[in-house]
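Reader: I have the structure open and would like to understand the reasoning behind a few labels. Could you walk me through them?

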Amino acid sequence: MERPDRRAVLTAVTGAAAVLTLDTVTFASTGDGHDGRTATRKVTGHLPPGAPDYVYLPVDVPPGVREIAVSYAYDRPSVPAGTQGNACDIGIFDERGTELGGAGFRGWSGGARSEFAIGAERATPGYLAGPVRPGTWHVVLGPYTVAPQGLAYEVTVTLRYGTPPAGATPRPVYPPQRARGRGRAWYRGDNHLHSVHSDGKRTPAEIAAAARAAGLDWITTTEHNTTSSHGAWEGLWGDDLLILTGEEVTTRNGHVVALGTDPGVFIDWRYRARDAAFGRFARTIHRAGGLVVPAHPYATCVGCNWKFGYEDADAMEVWNGPYTPDDEMAIAAWDASLVAAVREGRRRWLPAMGNSDAHREPQVVGMPQTVVHADALSREALLAGLRAGRSWIAESSAVNLSFTATGGRGKHAGIGERLPVDRGTPVTIRLEVSGVPEGCTASFITDQGRLHETPLPAAGTGSGSATVEWRTTPSHAAYVRAEVRRAATGGSGMPGPMVALTNPVFLGKPT
C-alpha cells in the first residue's frame with residue numbers, strides 16, 4: 001500500500017480548472033504485488049472540501065503490459081439535510097498526456113463504475129481499447145462534491161503482463177452518415193441518449209429497439225465525456241434508422257450536447273465558465289461537423305445549470321425528458337432570446353429542440369422528440385434543418401402538426417422561415433394538429449406574448465384532428481410560434497405540461 005506524498009503538487013492547466021497532481025505510482029520492481037504476470041499498487045488519500053475539480057494520479061507503466069485495470073472506492077459519510085455528500089468520478093489518460101483537448105484521453109465513466117480495464121483488444125464500456133504503451137499514464141479522480149468531513153479515497157491499479165504484450169486493436173465500425181429515408185420530409189429524432197457506455201443501463205441494441213418502437217427515424221449517441229459508444233452500433237442501423245455520433249460534454253458549469261460530430265472525435269470537458277475555454281471547444285465541435293446544443297440549462301442537478309452563455313450555440317434543448325418546471329424556465333429563456341433577436345434586428349436566432357435524455361427503464365426513448373424538415377435522412381441534411389430551426393418538438397410520434405403563415409399575394413412560410421410581407425399586411429396563421437390527448441389547448445405566442453388560445457378535440461374525437469386559425473400583421477407580431485399543452489393541474493398557477501412546441505415563423509420583411 002502506498003500513500004501519496006504530502007508534497008503533492010497543486011497545478012493549473014492553461015485554460016482549464018486547477019488540478020491536484022499526486023506522486024507517481026511506479027512498478028519498477030518485482031515483489032510487493034508483482035508475480036511476473038500481474039502487478040498491483042494501492043493508493044489512499046483524503047481530499048478536503050474545496051478540493052480541485054480533478055486529481056491526477058500518475059502511473060509509470062513499464063514495457064510489456066497487456067492490460068491496465070483500475071478500481072476505486074471512497075467514503076460516503078452521513079451529512080445534514082441540505083449539505084452535499086461525497087461524489088467522485090473517475091477516468092484515465094494514457095502516456096500521451098493530460099493536455100486539455102489533447103490526444104491522451106482513454107476513457108471516462110464518471111461515477112457509473114467502480115472499476116475498468118483497458119487492453120489492446122477490448123476495454124470496459126466508456127473506455128477506448130488500444131495498446132497499453134509504456135510511459136506515464138494518469139488516473140483522474142473528479143471529486144464532484146465533497147462532504148464537510150472530506151473525501152477519503154482508495155485507488156487500486158493492476159498491470160497485467162502478456163506475451164505478446166499487445167494484441168490487435170479492432171478497427172471501430174462507425175454508423176453510416178445516411179439512410180434511405182423518404183426524400184424531402186419530416187424526420188423524427190432523439191438526440192440525447194445514454195447507454196452502458198456512460199451512466200445509462202440500456203445497451204445500444206436496446207436503445208435501437210426502443211427508438212424503432214417510438215417511431216423515430218434517427219438518434220444520436222451522446223455519452224457523458226466519452227466517445228467509446230461511437231463504434232458500438234454495428235448491425236443496429238438500417239434503412240429505417242440513422243444513428244449519428246456525438247457526446248454530452250459534462251462540465252461543472254453545465255452540459256452541452258455535441259450533436260452529430262465526426263465519429264471518434266473527443267470533446268474535452270475539464271473547464272468551468274471562468275476559465276474562458278468553452279469557445280475553443282465549441283469551435284472543435286463545429287470543425288467536427290457537429291452542432292453545439294446546451295442541454296437542460298435549468299436542471300437542478302449539481303453542475304447542470306448552464307453558465308457559458310449562448311453565443312456559440314446552434315440550438316437550445318428547451319425540453320428534456322418528461323415535462324417539468326425546469327423546461328418551463330428553459331422555454332421562457334428561449335422565448336426571451338427570440339424577442340431580443342427581433343428587437344435588435346438580428347437574422348441569427350436560436351432554434352429550440354427537445355430530447356429524452358433517457359438512461360434506463362422506465363424512461364422513454366423518444367419522449368420528447370424533435371421533428372426536422374430535411375432534404376434527406378442524412379447527417380448533413382438533418383443538421384442543416386436543426387440549425388435553420390425547421391423543426392418542432394412532440395411528446396411522441398402519435399402527435400402530428402403543420403404550422404404555416406400566409407399573406408400578401410400567395411406568399412407563405414413554414415416553421416423556421418420568414419413571411420416577407422409589409423408591416424400592415426394581413427397574415428393568417430394556421431395550425432393543424434392531430435393525435436393529442438384529451439383536454440389540450442393550442443396557443444399562439446408572439447414577441448408580444450400569448451395572444452391566442454383555444455381548446456382542441458382529443459384524438460379519436462371526430463376526425464382526431466383540429467385546425468386553428470388566427471389573423472395578425474407583422475406590425476403586431478414579429479414572430480408567431482405554437483404550443484399545445486395539457487390542462488393545468490394542481491392549482492399551482494403553472495401552465496399545463498407541453499405536448500408539442502414549434503419553432504417560430506417570422507413575419508415581415510427583414511431589416
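Author: Gladly! This is a predicted model. Leaving aside neighbours within four places in sequence, Gln369 is in contact with Arg188, Gly189, Ala214, Leu216, Gly354, Trp392, Ile393, Ala394, Ser396 and Ser397. Gln369 belongs to strand E19, residues 369–374.

Reader: Why is Gln369 called buried?

Author: Buried means under 20% relative accessible area. Gln369 has a relative accessibility of 1%, so it counts as buried.

Reader: What makes the link between the side chain of Gln369 and the backbone oxygen of Gly366 a polar contact?

Author: The two are 2.9 Å apart. The cut-off for a polar contact is 3.5 Å, so this pair falls within it.

Reader: How do you know that the buried residues of helix H1 are on the same side?

Author: Those residues are Pro204, Ile207, Ala208 and Ala211, in a helix that spans residues 204–213. They cover an arc of only 100° around the axis, which puts them on the same side of H1. They pack against strand E12 (218–221). After H1 comes Gly215, with a positive phi near 75°.

Reader: What makes strands E24 and E27 a pair?

Author: At least two bridges are needed, and eight join E24 (residues 427–434) to E27, so they pair. The two strands run antiparallel, and Ile429 stands opposite Trp470 in E27.

Reader: Which side chains of E27 point to the buried face?

Author: Ala466, Val468, Trp470 and Thr472 point to one face and are buried. Ser465, Thr467, Glu469 and Arg471 point to the other face and are not buried, in an alternating pattern along residues 465–472.

Conventions: Residues are numbered from 1 along each chain as its sequence is written. This is a predicted model: local features need pLDDT of at least 70, side-chain atom pairs count only at pLDDT 80 or more; totals for chains, interfaces and linings use all residues. Side-chain values use heavy atoms; hydrogens and water are left out. Helices (H or I, at least four residues) and strands (E, at least two) are DSSP runs, numbered from the N terminus. Buried means under 20% relative accessible area, exposed over 50%, partly exposed in between (1.4 Å probe, protein chains only). A polar contact is a pair of N or O atoms within 3.5 Å; within protein, one must be able to donate a hydrogen and the other to accept it, and residues adjacent in sequence count only if both atoms are side-chain atoms. Contact means heavy atoms within 4.5 Å. The arc is that of the directions from the helix axis to the C-beta atoms.
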